[in-house]
Amino acid sequence: MKYIGTCLAMMAAVIPTIVAFPMTSFARQYIPPTCGAEQCLAWGLFDGCEPENLGCLCSLEQSEVTRYVAVVQPCIDGEPGEDECTVGAIAQYKQLLRDTCDQQFGKTAVFPEM
């Protein structure tokens, strides 16, 4: 009987820790690589949005989304982007921005070919 009480006490002490640990790792959100975009932005922000916060960027007016693309493209496609990301990661950031703006906000974010 004493053994069962000890086991129950140990489980009661350990279970909250086990349950809490995975929840913190699952709560983390995927943050896309920005591939040097922040280097083209004053203080790393564009109209208060960080380059990895695609929802914030795409919620801006269409003219601001278009201006964002024009401002960051030289960094993404240039040396900062090449230093920080692979060609695939650069393409992924552009595609994620394009898809997020189009599918969730009805906006266009097209990076012209350089």
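1. Is Phe46 buried or exposed? In this predicted model, Phe46 has a relative accessibility of 4% and therefore counts as buried, since a residue is called buried when its relative accessible area is under 20%.

2. The partner to consider alongside Phe46 is Tyr68, because the rings of these two residues have their centres 5.2 Å apart and their planes at 70°, which makes the pair edge-to-face; the cut-off that matters for this reading is that planes over 60 degrees apart count as edge-to-face. Tyr68, with a relative accessibility of 1%, likewise counts as buried. By the rule applied here, the count comes to 1 aromatic pair.

3. As to where the two rings sit in the chain, Phe46 belongs to the loop between α1 (2-26) and α2 (54-58), whereas Tyr68 lies in helix α3 (residues 62-77). The two residues are 22 apart in sequence, and the pair thus links distant parts of the chain.

4. On the overall architecture, the protein contains 5 helices and 0 strands, and its elements, when read along the sequence, follow the pattern α-α-α-α-α.

5. Turning to contacts across the protein, and taking those between residues at least 6 apart in sequence, 62% of them join residues that are at least 24 apart.

6. For burial and surface, buried residues account for 31% of the 114 residues in the protein, while the exposed area comes to about 7,600 Å², of which carbon and sulfur atoms supply 63%.

Technical notes
Residues are numbered from 1 along each chain as its sequence is written. This is a predicted model: local features need pLDDT of at least 70, side-chain atom pairs count only at pLDDT 80 or more; totals for chains, interfaces and linings use all residues. Side-chain values use heavy atoms; hydrogens and water are left out. Rings of Phe, Tyr and Trp (its six-membered ring) pair if their centres lie within 6.5 Å; planes under 30 degrees apart count as stacked, over 60 as edge-to-face and the rest as tilted. Helices (H or I, at least four residues) and strands (E, at least two) are DSSP runs, numbered from the N terminus. Buried means under 20% relative accessible area, exposed over 50%, partly exposed in between (1.4 Å probe, protein chains only). Contact means heavy atoms within 4.5 Å. Accessible areas come from the Shrake-Rupley method with a 1.4 Å probe; for residues, only the protein chains shown count as cover.
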